[in-house]
Amino acid sequence: MILKNGTILRNDKMELLDILIEDGKIKKIDFDIQEENQEVVDLSGKYIVPGAIDVHTHFDIDVGIKSVDDFISGSIAAACGGTTTIIDHPGFGPRGCSLEYMIDKYMINAKFSHIDYSFHGVVQELNENTYEELQKLKSRGINSFKIYLTYLYKQNDYEIITLFEYAKRLDMIVAVHAENDSVIQYFKEKFQAEKKLDITYHSHSRPNDVEAEAVCRLIKLANIINYEKLYLVHISTKEAMEQISIAKLEGKKVYVETCTQYLYLNNDNYLKQDAIKYVLSPPLREDKDIKSLWENLRKGNIDIIATDHCSFSLNQKLKGNTNFLNCPNGIPGVEERNLIFFSEVLNGKMSVKEYLDLLVLNPAKIFGMEKFKGSIDVGKDADLVVFEKIENILDEEKLHSKSKYSCFNGFKLLSKIDKTYLRGDMIVNSGIFLEKSPKGKFIERN
């Protein structure tokens with residue numbers, strides 16, 4: 001198959017080039033490719049970008065309330081938004097389970113995925129088996145695991161530094177949810193006693209320094225043992241970015257992720273009638289935080305934009321309508337991300353290089369998929385997305401998450417997705433998902 005006359009995004013520029021695809025791979029990129037017995041797809045006036053990679057999703061997660069998107073609906077939403085690979089964060093398993101327990105469970109669930117996938121391990125309890133279990137994950141092509149500084153299986157400083165040491169020996173990435181649990185619990189108890197339980201107090205229970213303190217501590221602990229693969233998920237605050245900027249200026253290696261919502265949505269949304277939609281952790285912040293994130297994105301202090309896609313229906317979220325403590329935390333976003341940021345390329349707010357680095361190349365590089373994914377280059381998987389330039393509005397009723405709402409509803413877009421290819425196989429055409437048997441496969445990472 002030859003994709004002809006499309007404008008492709010590579011490195012830091014746009015080029016009018018053809019792409020020859022054979023056996024699911026990109027075989028040739030050149031001007032006016034002519035090959036006999038090849039299907040030709042004319043993409044004149046359209047843009048071809050590498051399939052986006054979302055390294056932070058939560059499909060099929062159960063937090064006491066089961067999320068609405070499984071690997072079927074979640075992967076369809078991703079494909080329709082131009083994301084062709086995810087790395088999913090499984091939820092916690094039963095107390096005492098091995099690190100492979102949830103991976104094995106999710107391997108079964110993900111067989112129904114329409115896009116490629118991998119997983120992060122999740123450490124619950126540090127014990128005498130943890131190092132050996134991490135070795136097993138690494139041998140299975142899973143080069144990262146997540147720990148939490150809050151929630152049920154939070155890690156203390158001794159456990160954190162021990163896990164950093166294990167990860168250093170095994171050359172693994174440690175992704176960390178960085179919030180100070182003790183401070184969060186203090187405010188939750190305080191607000192409960194004072195009967196301050198409406199949605200506005202969700203953000204007040206997790207002030208900016210809750211994140212900043214945890215980030216600072218993690219950077220210091222990693223530095224003590226010279227661990228250089230710390231990955232900070234969903235960073236949301238100016239104060240945390242100040243700590244990160246200092247560390248990077250000092251030459252310390254730390255990877256930083258933020259999410260679409262923290263670059264656009266502020267905490268004024270908690271004053272709206274539909275405030276329940278916006279309950280997630282970390283919470284939405286102030287305009288100064290949004291400004292800081294964009295400034296640090298420009299400086300290269302942010303490596304990846306992910307989504308933290310964790311979808312619940314509005315009915316499920318309404319459990320917290322009179323008490324924010326009962327609201328399941330999380331919002332959908334796996335479909336919206338790429339639509340929003342490609343529009344920013346077209347309007348000049350984001351450069352081609354920034355877009356490709358943050359949504360595609362850095363996710364592939366950092367998490368060990370660069371051999372197959374991350375760019376439009378000969379030998380790579382033909383994971384390709386075709387955008388058509390056209391002004392439109394992001395309409396939640398046309399999205400594919402079973403949550404049936406979007407926190408980005410009404411956003412102005414400058415393009416829409418025409419086609420999505422997974423390893424050369426078209427799975428979206430004219431913006432419509434093609435009903436096919438699932439072709440997603442597990443990607444081993446190293």
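In the predicted model, helix α12 comprises 12 residues, 336-347. At 1.5 Å a residue the helix should span 16 Å, and its end C-alpha atoms lie 17 Å apart, so the expected and computed spans agree. The helix is mostly covered, with 11 of its 12 residues buried. The buried positions are Glu336, Arg337, Asn338, Leu339, Ile340, Phe341, Phe342, Ser343, Glu344, Val345 and Leu346. In general, residues three or four places apart in an α-helix point the same way, because such a helix has 3.6 residues a turn. Glycine 348 follows α12 and has a positive phi, near 90 degrees.

The chain as a whole contains 13 helices and 18 strands. Its radius of gyration is 21 Å, close to the 22 Å given by the globule rule for 446 residues, and the chain is therefore as compact as a globular protein of that length. Along the principal axes, the C-alpha atoms fill a box of roughly 70 × 50 × 45 Å. Burial extends to 61% of the 446 residues. Of the contacts in the chain with a separation of 6 or more, 75% are made between residues 24 or more positions apart.

The surface and the charges were also examined. About 17800 Å² of the chain is exposed, and carbon and sulfur atoms supply 47% of this area. The chain carries 58 positive and 67 negative charges, and the mean positions of the two sets are 1 Å apart.

Several loop residues show notable backbone geometry. The peptide bond from serine 281 to proline 282 is cis, with omega near -5 degrees. Proline 282 lies in the loop that joins α9 (260-264) and α10 (287-299). Two residues other than glycine have a positive phi, namely aspartate 32 and histidine 234. For aspartate 32, phi is about 45 degrees, and the residue is placed in the loop between β3 (25-30) and β4 (40-42). For histidine 234, phi is about 35 degrees. Histidine 234 belongs to the loop between β12 (230-232) and α8 (238-249). With a relative accessible area of 1%, histidine 234 falls under the 20% limit and is therefore classed as buried.

Note on methods:
Residues are numbered from 1 along each chain as its sequence is written. This is a predicted model: local features need pLDDT of at least 70, side-chain atom pairs count only at pLDDT 80 or more; totals for chains, interfaces and linings use all residues. Side-chain values use heavy atoms; hydrogens and water are left out. Helices (H or I, at least four residues) and strands (E, at least two) are DSSP runs, numbered from the N terminus. The radius of gyration is taken over C-alpha atoms; the globule rule is 2.2 Å times the number of residues to the power 0.38. Buried means under 20% relative accessible area, exposed over 50%, partly exposed in between (1.4 Å probe, protein chains only). Contact means heavy atoms within 4.5 Å. Accessible areas come from the Shrake-Rupley method with a 1.4 Å probe; for residues, only the protein chains shown count as cover. Lys and Arg count as positive and Asp and Glu as negative; His and the chain ends are not counted. The place of a charge is taken as NZ of Lys, CZ of Arg, CG of Asp or CD of Glu. The expected span of a helix is 1.5 Å times one less than its number of residues.
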